[in-house]
Amino acid sequence: MQAPNAPDSANALERDAVKAALDGFESRRIPLDGRRHAAVVVAVLDDGAGNPVMPLTRRPTRLRAHPGQFALPGGRLDPGETADEAALRELHEELGLQAESGHILGRLDDYITRSGYVMSPFVVWSETTIADLKPSPDEVDVLFSVTSRELDAEPRFVSIPESDKPVIQWPFRGHLIHAPTAAVVYQFREVVLRRRHTRVDGLEQPVFAWR
């Protein structure tokens with residue numbers, strides 16, 4: 001069930017509604033403590049017909065790191081970069097979307113990955129239509145336009161013997177997408193669509209990602 005004051009999922013993705021939801025949410029930062037730092041972006045764009053959508057990519061199978069996996073735009077920080085600068089740079093490099101700091105409406109919780117990263121998620125809102133994006137063929141095999149209804153899908157939580165934390169699975173078009181992407185999308189759904197301040201530090205990645 002939605003929280004009593006939660007708007008419907010499409011209206012919740014209007015710029016002012018997204019900003020209000022994030023302004024009311026206190027995101028958590030995690031010290032690196034020897035880990036590497038990465039940034040990812042949940043971008044809210046237009047589908048060309050006035051409907052809000054989120055770009056999601058599938059990585060080329062030829063890549064050495066995470067081949068063929070679903071992913072949000074993002075990557076590791078370059079030397080001297082801040083997390084927000086890296087998020088905007090990766091958004092431009094991967095999708096051809098030029099955004100500035102004023103397009104960032106807020107942050108979600110940092111998430112520690114099993115591969116040794118602290119991943120910082122940023123929420124970006126732009127009037128750009130998703131059809132105007134120019135995905136880099138080096139980093140993007142398929143670009144998906146995720147609707148508000150798909151964002152609001154109920155995730156699955158699966159117990160595994162290797163961890164006392166449940167593995168999160170986000171159902172998307174016949175696939176099950178795992179953390180960290182699923183954890184970020186889930187928290188975005190909870191905070192922005194459902195107006196529930198849900199944390200994701202207790203959500204696990206599948207064992208195949210533990211390397």
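Arg89 is a good place to start: at 19% relative accessibility, this residue counts as buried, because the cut-off for buried is under 20% relative accessible area. Keep in mind that you are looking at a predicted model. Two topics follow: salt bridges and a pocket.

**Salt bridges**

- The structure contains 16 salt bridges.
- One of them pairs the side chains of Arg89 and Glu90, with an N to O distance of 3.2 Å.
- Like its partner, Glu90 is buried, with a relative accessibility of 7%.
- Arg107 and Asp110 also meet through their side chains in a salt bridge, at 3.3 Å from N to O.
- Here Arg107 is buried at 19% relative accessible area, and Asp110 is buried at 7%.
- Salt bridges with shared partners also tie Asp152, Glu154, Arg189, Glu190, Arg194 and Arg196 into one network.

**A link between distant parts of the chain**

- Asp201 and Arg28 form a salt bridge through their side chains, at 4.0 Å from N to O.
- These two residues are 173 residues apart: Asp201 sits in the segment after helix H4 (181-193), while Arg28 belongs to the loop between helix H1 (15-23) and strand S1 (36-46).
- Is Arg28 buried or partly exposed? Its relative accessible area is 43%, so Arg28 is partly exposed.

**The second largest pocket**

- The second largest pocket holds about 190 Å³ of space.
- Asp110 and Asp201, which you have just met in salt bridges, are among the residues that line this pocket.
- The lining also includes Ile30, Tyr111, Arg114 and Lys165.
- By type, the lining residues are four nonpolar, two polar and five charged.

Technical notes:
Residues are numbered from 1 along each chain as its sequence is written. This is a predicted model: local features need pLDDT of at least 70, side-chain atom pairs count only at pLDDT 80 or more; totals for chains, interfaces and linings use all residues. Side-chain values use heavy atoms; hydrogens and water are left out. On a 1 Å grid over the protein atoms alone, a cavity is a set of points where a 1.4 Å probe fits but cannot get out, and a pocket is an open set with protein on both sides within 12 Å along at least five of seven lines; lining residues have an atom within 4 Å of a point. Grid points are joined across faces, edges and corners, and a volume is the space filled by probe spheres set on the points. Ala, Val, Leu, Ile, Met, Phe, Trp, Tyr, Cys and Pro count as nonpolar, Asp, Glu, Lys and Arg as charged, and the others, Gly among them, as polar. Helices (H or I, at least four residues) and strands (E, at least two) are DSSP runs, numbered from the N terminus. Buried means under 20% relative accessible area, exposed over 50%, partly exposed in between (1.4 Å probe, protein chains only).
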